[in-house]
Amino acid sequence: MVNLILRIFSLFLILISLNQTSNAQTNNSLDGSLSKFRLNFDVKTYKIQLRINPKLKFISGVNEIHFKVLKSSKVIQLDLDTGMKIVGIISDKIPVTYKRFGRAIMLSFQNELTKNSDYSIKVSFEGFPKVAKNAPWDGGFVWSKDSLGKDWVGMACEGEGASMWLPCKDTWDDEPENLQMEIEVPQGLTAVSNGRLAGSQKLDDGYEKFRWIVSYPINHYNISINVGDYIHITDVHTRPNIESLSLDYYVLKYNELKAKKHFEQSKYMLRCFEKFFGPYPFQNDGYKLVETPYWGMEHQSCVAYGNNYKNNDFGFDFIIVHESGHEWFANSITAKDKADMWIHESFTTYSEALYVECMAGPERAKEYLKMQKPKINNKQPMLGERDMFYHHADNDIYYKGTWILHTLRNMVDNDTLWQNTLYEFHQKFKYQTILTEDVVSYFSKRLNMKLKPFFKCYLENAKIPVFEYFILHKNGLHELHYRLKSPVSGLEMPLLVSISKSRNDMINATSQWQIIDLPYEDEKLFVVKPNSYLIEIKKINK
Ligand SMILES: [Zn+2]
């Protein structure tokens, strides 16, 4: 009884706090926090039925949510954008009552849901979903036309969350283990989603239903909708000792020939990334590119492609390489909290440099990294605030992230160890959701280095460490005094420095001043390799 009163009281408190923020959009603690009404159940499967009316820019559907109860309760929380209507919620043919507080939907069941039992509910919904202002950055639905005037629809919701259009448990830490998606679109158009096509069926009312099956865990913002006058191109990626991987491309009909030629590079991308990170993670679902009316997005086994078949100065299509790199980092390994999104973008942006290294060698990869470096801001920490669906304000989770990994690689100074570490990182955490702490502890252990201060320094502070040095002239010798200045205590960085024409040394920079003798040559020969580390180098006067 006490328990029940406590529970009612805590629900009352939550409802009050929900009410106070009922107009809140995504960037608040309500949508981002793991309340007890989210932690008390684990999503197993979504069976989504969706009808898309491009003419009206209207969608309607049902999400059948299968879940396991982790803690007995009468209340669970789902999410749906305030602009979308809930038509009804039923469980075992009995209506479930609910209240909406901003995006949060608090469902109250008649009987307590019992711990360790499986349940399912059907949530019917409809509405005019948010229209994207500038997808994929400012997400929503993109209602477009191809150049022949046919409907061409896309959707991107990484920033907004899937509850922008779908009633679901919109958190990053809980993923459905698999998914079924049935999309009905006007006949003449094709609907493409994640996973494999399991069939299509023409309906009597002028619509056609496309059924897609995803057989791996999938994060919510990856659930993908694409509608267009598509043609289907198939190809195969073969590799020794592993089953071939099917490649499926859905492009606008008039781009077929262009796409066939341009998408050949997907195989190079797969070959390189499989070498660095292990086999493509979604073998059973296949690899897929879908032409979209916006630039790109990492939708799992359904990568959104809208880069107009263009390569960059390094000879590759940025969208194919970057968004597909996310299949390993973001889709297979997913951050538990949006605050930790650097895990997605840093490893993926770094994968671009590794792709260049794989295709054109290490010197060209250094040029690629050099091109990325000026984009670093150092204005705010890369690790955001947890439990609030944090939005990063700049691109440091991309380029600074790349440079943190590049710096670490040069600190390790052992390419075989570094490659094995990256490869095993993916093997260890694939299909899981993780936090920054997991990355730090894995890399520390695998590399046998104390990396907690290193990651703390780069992720939790805006400023990068400063390598301070001065040279003293004593009895005809040069004495190099150096230290590493950072707000984090215990930071140690092995740095490769050139100290003479013929000598490179590895020095271990810490917060303590240290001294080494430089050979009696021009002291200007002392250089910390500037293209190897993300540090500020400062010569001071003493
Ligand atoms: Zn990305």
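The protein chain is divided into domain 1, residues 334-460, and domain 2, residues 466-539. The model is a predicted one. This report starts with the two domains, then turns to packed helices and a sheet.

## The two domains

Take the centres of the domains over C-alpha atoms. The centre of domain 1 and the centre of domain 2 are separated by 25 Å. The domains also touch: 13 residues of domain 1 are in contact with 14 residues of domain 2. Which helices supply the side of domain 1 that touches domain 2? Helix H8 (362-372), helix H9 (399-412) and helix H12 each give at least two residues. H9 has the largest share, with five residues. By class, this side of domain 1 holds six nonpolar, two polar and five charged residues.

## Three helix pairs

Two packed helices are described by the angle between their axes and the distance between the axes. Here are three pairs.

| Helix pair | Angle between axes | Distance between axes |
|---|---|---|
| H6 (318-325) and H7 (342-360) | about 125° | 8 Å |
| H7 and H9 | about 70° | 7 Å |
| H11 (436-447) and H12 (452-460) | about 140° | 9 Å |

Start with H6 and H7. Their axes make an angle of about 125°, so H6 and H7 are oblique to each other. Their crossing is right-handed. On the H6 side, the residues that meet H7 are Val 321, His 322 and Gly 325. On the H7 side, they are Thr 348, Ser 351, Glu 352 and Tyr 355. This contact of H6 with H7 has two nonpolar, four polar and one charged residues.

H7 also packs against H9, at an angle of about 70°. How are H7 and H9 placed relative to each other, roughly perpendicular or oblique? Angles of 65 to 115 degrees count as roughly perpendicular, so H7 and H9 are roughly perpendicular to each other. H7 and H9 make a right-handed crossing. From H7 come Trp 342, Glu 345, Ser 346, Thr 349, Tyr 350 and Ala 353. They meet Tyr 399, Gly 401, Thr 402, Ile 404, Leu 405 and His 406 in H9. Sorted by class, the contact of H7 with H9 has six nonpolar, five polar and one charged residues. Recall that H9 also supplies five residues to the side of domain 1 that touches domain 2.

The last pair is H11 and H12. These helices pack at about 140°, and they are therefore oblique to each other. H11 passes H12 in a right-handed crossing. In H11, Thr 436, Val 440 and Ser 444 take part. Their counterparts in H12 are Lys 452, Phe 455 and Leu 459. This contact has three nonpolar, two polar and one charged residues. H12 also supplies at least two residues to the side of domain 1 that touches domain 2.

## The sheet

Now for the strands. Strands of a sheet pair through backbone hydrogen bonds, either parallel or antiparallel. In this model, eight strands form an open sheet with mixed pairing. Their order is S5-S4-S8-S2-S1-S11-S14-S13. Which strands sit at the edges? They are strand S5 (94-95) and strand S13 (196-202), and each pairs on one side only.

Look at one pairing inside the sheet. Strand S2 (58-69) and strand S8 (118-127) pair in the antiparallel sense, over ten bridges. To find one bridge, go to Phe 67: its partner in S8 is Tyr 119.

Conventions
Residues are numbered from 1 along each chain as its sequence is written. This is a predicted model: local features need pLDDT of at least 70, side-chain atom pairs count only at pLDDT 80 or more; totals for chains, interfaces and linings use all residues. Axes are lines fitted to C-alpha atoms, for helices over the stretch in contact, and angles run from 0 to 180 degrees between N-to-C directions. Helices (H or I, at least four residues) and strands (E, at least two) are DSSP runs, numbered from the N terminus. Angles under 35 degrees count as roughly parallel, over 145 as roughly antiparallel, 65 to 115 as roughly perpendicular and the rest as oblique. A crossing is left-handed if the near helix is turned anticlockwise from the far one by less than a right angle, and right-handed if clockwise. Two residues are in contact if their C-beta atoms, placed from the backbone, lie within 7 Å. Ala, Val, Leu, Ile, Met, Phe, Trp, Tyr, Cys and Pro count as nonpolar, Asp, Glu, Lys and Arg as charged, and the others, Gly among them, as polar. Domain bounds come from an automatic or database domain assignment. Two strands pair if DSSP finds at least two bridges between them.
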